[in-house]
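Colleague: I'd like to learn how to read a structure like this one. Could you walk me through it, one feature at a time?

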Amino acid sequence: MKNIDPGMKNIDSFTHARGESIYLDDMPLLEGTLFGAAFGSPEAHGKVLHLDLSEAEKMKDVVRIFTYKDIPGINQIGGIVPDELLLAENLLHFNGMPVAFVVAKSVKAAQAAIKKIKIDIEPLHIITDPREAKEKGELIIPPRTFKIGNTETAWQQCQHIFEGTAETNGQEHLYIETQGAYTLPLEHGTIKVYSSTQGPTAVQRHMAVVLNIPMHRLEVEVTRLGGGFGGKEDQATSWAILCALATYHLKKPVKYSLHRLEDMRMTGKRNPYSSDFKIGLDKNLNILAYEATFYQNAGAAADLSPAVLERTLFHCTNSYFVPNVSATAFCCRTNLPPNTAFRGFGGPQGMFVIEAAIAKAADELGIPAYKIQKKNLLKTGDEFPYGQKAASEANECWNKAEQLYEIDKIEREVAAFNSTNILFKKGISFMPVCFGISFTKTLMNQARALVHVYTDGSVGVSTGAVEMGQGVNTKMLQVAASMFSVDPSKVKIHSTNTFRIANTSPSAASATADLNGKAVQIACKAIIERLKPVAAEMLQTNQEAIQIKNEFVWTGNKQTDLTWQQLVLTAYIKRISLSEHAHYSTPQINFDASIEKGHPFAYHVFGTAITIVTVDCLRGIYEVDAVKIVHDFGSTMNTIIDRGQIEGGLVQGIGWMTMEEIVFDKEGTLRSNALSTYKVPDIYSVPKIIDLHFLETSKDNLAIMRSKAVGEPPLMYGIGAFFAIRNAIKEFNPTATPAFSAPITPEKVLLSLYSKSYKGSQPESFKALIKEHE
Ligand code: MTE
Ligand code: HPA
Ligand code: MOS
C-alpha cells in the first residue's frame, strides 16, 4: 500500500472537456432501433373516461402504442410503498403521469403521434398544498415523531418562546443529461438496459416485476450520468421499463431520452415543505426546547418521500444540541409528480426550519442570530433526538472560520459599508452544518466490488458505484492504485453492471465512495494476501517480509528486482486466482423505527459557512459577495474533487434558497416548466469568492481512507445565503420581517424592503432615496 496523491485530477476531466465522454445519447445505435415517447396525463387528477389512440396509431412510422394492458407482469413501480403505477389505468394522479408509450421509427414520429392521442377525463378535486392533504387525511404513511427530553415541561423553564412558520419550495434537478434509457433484446429472453440511473439494481428489480422476467435476465449497464443529484435514484426506473416493455413485445432495440420539457413536467423534484416551529430559550440563550411540525409535499405517490421525511427528522436540530425536542412529520399526498431524493435528502428542509426559528428568536430579542447559534453548537457526547451521540465538536469548524476569516474585520467592514450606503446594504450569516453519513435504512449500507488483476499487471475494478460527476470513479481508482501500490494508469474503473455486481444500493446518501471503496480495499487485500506467498517463494524468504511497493516487491524495506508484473504473471502460471469479489457492510449502525432511536450514521460531517451578500435596495436584486467555509474532511483523499463538490453543492444550495422557484398553479400544472421561467444559478450568480479551508481532523472514522463523504453536506451551506439576504434587508428596513419562505427571490426582497412599516422606520434615508432619484 502506498499513500495516495490527494492532488490527482478527475480521470474524466480531459474527456469531459473535449466532449469525448460517453453518455447515453452518445452511444452508437443498432440498426432497427426504435424510439419511444411517453404520453402524460394532461390533467392533475381525474378518471379516464376514454382513451383514443386510433389517430396516433395511424401516423406515419408509428410502430405500436403501449398501455397498461400490455404489461406482462405487475403494473407497479413503488419502491417503499407499492402505490405507483408504471402506466395509468383508470385514475390519473398528476399532470404528466405516463398513460401510453408510443414507439416509432424516429423521435420525430413518436413525438408527433403523442399529439394525436385523445383522452376524455372526468375531473376530480386537485390538491397541491400539503396542509390541505393532511386535513383531508391524504397521508402516504402514518406520521412520525422524534422526541428527546420533554418539551411540555421544558417550556415552563424558558425565558423566551417564539413560534412561526417556514416554507421551502421544491427544486428541479436539472441534471444536464435528461432521463433516458436504451434497451436491447438478447437471446433467451434477456434484455440489456443502458440507463441513466443512480440505481441500476432499482431499475432491474422493478423491471423484473413489471415484465415478469427474473432479475438474472436483466443486464443494466451504466457508464456515467450527466448528473443525477438524487433525481435518478428512483425516477430513472420508469423510462427504462417503458423501453424494455417495448423491447419485450417487439424484440427490437428501443431508446427514449426525454426532452428537457418532458423531463421537467413528468419527473418529481425536491419535496417542498411547509412547517411550524416553536422554540424556547433560557435567559442565557440556551435553546431548551424545540418543536417542529413538517408538512412534506410528497406528490402523488410515495417514491422516496417517506425516507426523505425521516432524514428531515434526523436533521431537524442541525448542528445544535437541544435537550427537549418533539418533531413530527407528515408525508402528504398531493396531485403533483411524485417528489423524490435531491441532494441533502430532506436534511436541508429540516435544517432550514430550525435556522428560521433561531432567526425569529434573534429578531425578537434584537440580537444577531449567530449569538444563539454559537451558544448551542453540538459538543462531543451530546445526544441527537434519535439517540446517537455526537462524536465531534461543531465549534471546531465554527471557531476556525471565525479566526481564519477574521470575522471581526468582516463585521467592521460590513458595518462601515452599511453606514455609508443607502441603496446598497450588506448582510452576513453563519451556517453551521452537521450531516449524518449512511443510508438511513440500515440494510442499504452494503456494497460489493469485483477486482481483476490481468496478467500484464493491469487492474480492472467493478463496483456498484455510479459515476455521475461526483468523481467516485477517480476515488475508486485511487483506492485500488494505493492498495496495490501501482501507478494510477494501471487501473481502469469499469462500467457499473448488474451482471458483474449484484444487488447494489443506489449511488446516493453521499456514501458511495465509502461503501464501494471499502469493498475495493477488501478485494485488493485478498489478492495481495495470495500474491505474498508467491513472492516469498520466488525470493526464498518468508512472506511476512514481503511488501509490494511502487510496482516492485520489497523484502524487509529493500527493493528487489521482482516486479509487480512478473509477480502477477508467476501467480497466474501457478494457478493462483488474480480476481476477487468482496463485500462490505458498515459496522456499528442500527436504527429501530418502532422507538425512533438508534445509531443510524457511520459518522457526521461538520462544517461552517460565513456568507456575505449585498442587496440592491432599489431593485431588490442581490449578489453573494463571498462564502467562506471551513469543512471537516477528516483527511481528504482528493482535494480537487472535494473542492468541486463543495463549490457545486454550495451553488446548488444558493440556487434553491434564492432563485429557483417552482410554480404549480391550482390545477397542478407546472408553470415554471422551462429554463425561461425557472432560473438556476449561472456563472454570474455564483459567489464572487468561495474560500474553502480543508479542516483535517485526526479522530478515527469509518470513511474511506478517513476521507469523509462530501457529496451532499455542502448544499446546506447555501441556506446561509437566505439568512444573509434577510439580514441585509433588515439593515435597510429594521422593521421588516421577511417571511421564512424560500426562495427569497428579488420579488420577495423588494416587497420586504418596502413593506408598510418602511417609511416610518427610516425617514431620513427614505427621503434621501427619493431625492436621489427625483
Ligand atoms: N455531483 C455531481 N457532479 N453530480 C451529481 O449528480 N449528486 C450529489 C452529490 N454530488 C451529484 C454530485 C448527490 S445527491 C449525492 S447523494 C452524491 O453526490 C452521491 O455521490 P457520492 O455518494 O459518491 O458522494
Ligand atoms: N439518502 C439517500 N438516499 C436514500 C436514503 C438516504 O438516507 N435512504 C434511502 N435512500
Ligand atoms: Mo443523493 S439525494 O442521496 O442521490
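**Reading the model, step by step**

Modeller: Let's begin at ligand 1, where a nitrogen atom of the ligand is 3.2 Å from a polar side-chain atom of Arg 343. Keep in mind that this is a predicted model.

Colleague: Which residues come nearest to ligand 1?

Modeller: There are 16 residues around ligand 1, and the nearest are Gly 228, Phe 229, Met 468, Thr 512 and Gln 645. Two of these names return when you look for polar contacts, meaning N or O pairs within 3.5 Å. Gln 645 puts a polar side-chain atom 2.7 Å from a nitrogen atom of the ligand. Met 468 uses its backbone: an N or O atom there lies 2.9 Å from a nitrogen atom of ligand 1.

Colleague: And what are the residues around ligand 2?

Modeller: Read it in the same way: list the neighbours, then look at the polar atoms. The neighbours are Glu 233, Arg 311, Phe 345, Phe 439, Thr 440, Met 444, Ala 508 and Ala 509. The side chain of Glu 233 has an N or O atom 2.8 Å from a nitrogen atom of ligand 2. With Arg 311, a polar side-chain atom is 3.1 Å from an oxygen atom of the ligand. Thr 440 takes part through a polar backbone atom, 3.3 Å from an oxygen atom of ligand 2.

Colleague: Now sheets. What is the order of the strands in the open sheet?

Modeller: To read a sheet, walk across it from one edge to the other. Here you pass 8 strands in the order β3-β5-β1-β12-β9-β10-β11-β20, and the pairing is mixed. The edges are β3 (62-66) and β20 (496-497); each has a single partner strand, so one side of each lacks a neighbour in the sheet.

Colleague: Which helices pack on the sheet?

Modeller: Helix α3 (residues 107-114) is one of them, touching β1, β3 and β5, and its direction makes about 20° with that of β1. Helix α7 (residues 237-250) packs there too, touching β1, β3, β5, β9, β10 and β12, at about 25° to the direction of β9.

Colleague: How do two strands inside the sheet line up?

Modeller: Take β1 (residues 34-40) and β12 (residues 254-257): they run parallel and are joined by 2 bridges. Phe 35 stands opposite Lys 255 in β12.

Colleague: Can I follow one residue of a helix in detail?

Modeller: Sure, try Leu 250, which sits in helix α7. Leaving out residues up to four places away in sequence, Leu 250 touches Leu 34, Val 63, Arg 64, Phe 66 and Val 103. Compare chain and space: Val 103 is 147 residues from Leu 250 in sequence, but their C-alpha atoms are 9.8 Å apart.

Colleague: At what angle do the axes of α17 and α18 cross?

Modeller: For a helix pair, ask about distance and angle. The axes of α17 (residues 639-658) and α18 (residues 719-732) come within 7 Å and cross at roughly 45°, so the two helices are oblique to each other. At the contact, Ile 654, Trp 656, Met 657 and Thr 658 of α17 meet Ile 719, Ala 721, Phe 722 and Ile 725 of α18. By class, that makes 7 nonpolar residues, 1 polar and no charged ones.

Colleague: Last one: which backbone details should I look up?

Modeller: Check the peptide bonds and the phi angles. Ala 742 and Pro 743 are joined by a cis peptide bond, with omega about 5°, and Pro 743 is in the loop between β30 and α19. Ser 510 isn't a glycine, yet its phi is positive, about 60°; look for Ser 510 in the loop between β20 and α15.

Technical notes
Residues numbered from 1 in each chain as written. Chains lettered and ligands numbered in written order. Predicted model: local features only at pLDDT ≥ 70, side-chain atom pairs only at ≥ 80, totals over all residues. Heavy atoms only, no water. Axes fitted to C-alpha atoms, helices over the stretch in contact; angles between N-to-C directions. Helix = DSSP H or I, 4+ residues; strand = E, 2+ residues; numbered from the N terminus. Parallel < 35°, antiparallel > 145°, perpendicular 65-115°, else oblique. Contact = heavy atoms within 4.5 Å. Nonpolar A, V, L, I, M, F, W, Y, C, P; charged D, E, K, R; others polar. Pairing = 2+ DSSP bridges. Near = heavy atom within 4 Å. Polar contact = N/O pair within 3.5 Å; in protein donor to acceptor, adjacent residues only side chain to side chain.
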